[in-house]
Amino acid sequence: MTTAPFPAWPDPNPGRRQTAGPGGSQRAAALSDLRVLDLSRVLSGPFATMTLADLGADVIKIEQPGTGDDTRHWGPPFQGDQAAYFLSVNRNKRSVAVDLKTEEGRAAVRSLAAQADVVVENFRPGTADRLGVGYADVRAVNPRVVYASISGYGQTGPDAHRPGYDAVVQARSGLMSVTGEADGPPVRVGVSATDLTAGMWALVGILAALHERHRSGLGQWVDISLLDGQVSWLTYVASGYFATGEVPARYGSAHPTIAPYQAFATADGQLMLAVGNDRLWQRFAVAAGLEPLLSDTRFATNADRVRHRGELVPLVAAAMASRTTQEWNERLDAAGVPAGPINSVDTIVTDRQLLARGMVVQTEHPTAGTLQLLGCPVRLSATPPQLRTPPPLLGEHTNQVLVSPAPPDGVRELAS
């Protein structure tokens, strides 16, 4: 069966991808001319494509009929009948239900890929090729395409075939070895940091490749590895090992090369203190009533304080326990010393600074009701990101996107 030709990539609401520029003039959203085909699922790819969508790109998310993205079923928690996990990284997208196990479905996706500026996938290496939607397949019909692949270990190397899971890569990358208390076991970061890091590196690669395309007229393959991306975050930790040969240790909330720079118990909670240089140390000592320490040669410089951390920290801890978190926050703020409370999620999402920056946004979902979501952190003065549409229902836009007198067997409208 031959798939009917699909029309030029339809934009159902072009006017909604406009933003107000200086003086109220209307300017197109930063990425409003980009068409993104999203073959990814779970977190790394959807996080990257959501950010492109927030910045104006038209993102079409391809999902398996009947099941969709795995995270549609990852709960509780749910809001209405929608998994909170899925809702967190899929706004501003259109969902098309296509069965990539059928030739008709693959043909439909290749037709969309032929018109796309960007294709994003996070299958295990080789899977996209077997499905007929790999880089070579897409490049053959669209040499201008920027094709981004996110995988656990990259497209090359002896472990390229291995499945990539955030927790496993957090362990392998060395991140867990430097996370946790000094006398405790290695600890996983509380969010899927490796997936999110890979999504951010994919964004960097995609935007760089699009910029280069302006010069050459040609696209290229962006190969992102969870392991590569997370290892890159080791930065000064790895550099310290290269310089000394000493294996970095865990310091809990403390910093390996700055002191005092860690969380301290207050009279009613916890406060993170960041005394990042000698000038701040002098201010802190005065504000904390620890002026005698300023003449103690053990603590004269940051290097001295790091060497004598074991003697310094108990002295600071005793002082910090004498006042409440709020009292310390006000006192240290007045002294110009960086410090802040250790918020839980419920307190940070109502933080006045976060709210002033528009980092909590709201939209209406057809089945989940009123949704609150975290906003996009990119600030652009003329073309800011926007929340245009809620996360889509499974297959909600199949007919809208694949307009054809008789949709092929591999394509089904699943929206109610």
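A salt bridge is counted here when a side-chain nitrogen of Lys or Arg lies within 4 Å of a carboxyl oxygen of Asp or Glu. The exercises below concern a predicted model, in which local features need pLDDT of at least 70 and side-chain atom pairs count only at pLDDT 80 or more, whereas totals for chains, interfaces and linings use all residues. Residues are numbered from 1 along each chain as its sequence is written, and side-chain values use heavy atoms, with hydrogens and water left out.

**Exercise 1. Describe the overall make-up of the chain.**

Step 1. Helices (H or I, at least four residues) and strands (E, at least two) are DSSP runs, numbered from the N terminus. The chain contains 16 helices and 15 strands.

Step 2. The C-alpha trace spans about 85 × 50 × 45 Å along its principal axes.

Step 3. A residue is buried under 20% relative accessible area, exposed over 50%, and partly exposed in between (1.4 Å probe, protein chains only). Of the 416 residues in the chain, 45% are buried.

**Exercise 2. Determine which residues join Arg35 in a network of salt bridges, and place one of its pairs in the chain.**

Step 1. Side chains of opposite charge can pair when their charged atoms come close. By the cut-off above, the count comes to 15 salt bridges.

Step 2. One of them joins arginine 35 to aspartate 117 at 3.5 Å, N to O. This pair links distant parts of the chain, 82 residues apart: arginine 35 belongs to strand β3 (residues 35-38), and aspartate 117 to the loop between α3 (103-113) and β8 (118-121).

Step 3. Arginine 35 is partly exposed because its relative accessibility is 31%; aspartate 117, at 8%, is buried.

Step 4. The network consists of Arg35, Asp117 and Arg213.

**Exercise 3. Contrast the sequence separation in the salt bridges of arginine 172 and arginine 307.**

Step 1. Arginine 172 pairs with aspartate 159, the closest N and O atoms being 2.7 Å apart. Arginine 172 lies in helix α6 (residues 166-172) and aspartate 159 in the loop between β9 (146-151) and α6, so the bridge ties together parts 13 residues apart in sequence.

Step 2. Both partners are partly exposed, arginine 172 at 44% relative accessibility and aspartate 159 at 22%.

Step 3. Arginine 307 meets aspartate 304 in a salt bridge of 2.8 Å, N to O. These two residues are separated by about one helical turn, because they are 3 residues apart in helix α11 (residues 302-307).

Step 4. Aspartate 304 is buried, with a relative accessible area of 16%, while arginine 307 is exposed at 59%.

**Exercise 4. Classify the aromatic pair of tryptophan 74 and tyrosine 85.**

Step 1. Rings of Phe, Tyr and Trp (its six-membered ring) pair if their centres lie within 6.5 Å; planes under 30 degrees apart count as stacked, over 60 as edge-to-face and the rest as tilted. The whole structure has 6 aromatic pairs.

Step 2. For tryptophan 74 and tyrosine 85, the centres are 5.1 Å apart and the planes are at 90°, an edge-to-face arrangement.

Step 3. Tryptophan 74 sits in the loop between β4 (58-63) and β5 (78-79), and tyrosine 85 in helix α2 (residues 84-88), 11 residues apart.

Step 4. Tryptophan 74 is partly exposed at 40% relative accessible area, as is tyrosine 85 at 26%.

Step 5. Elsewhere, Tyr135, Tyr147 and Trp221 form one aromatic cluster.
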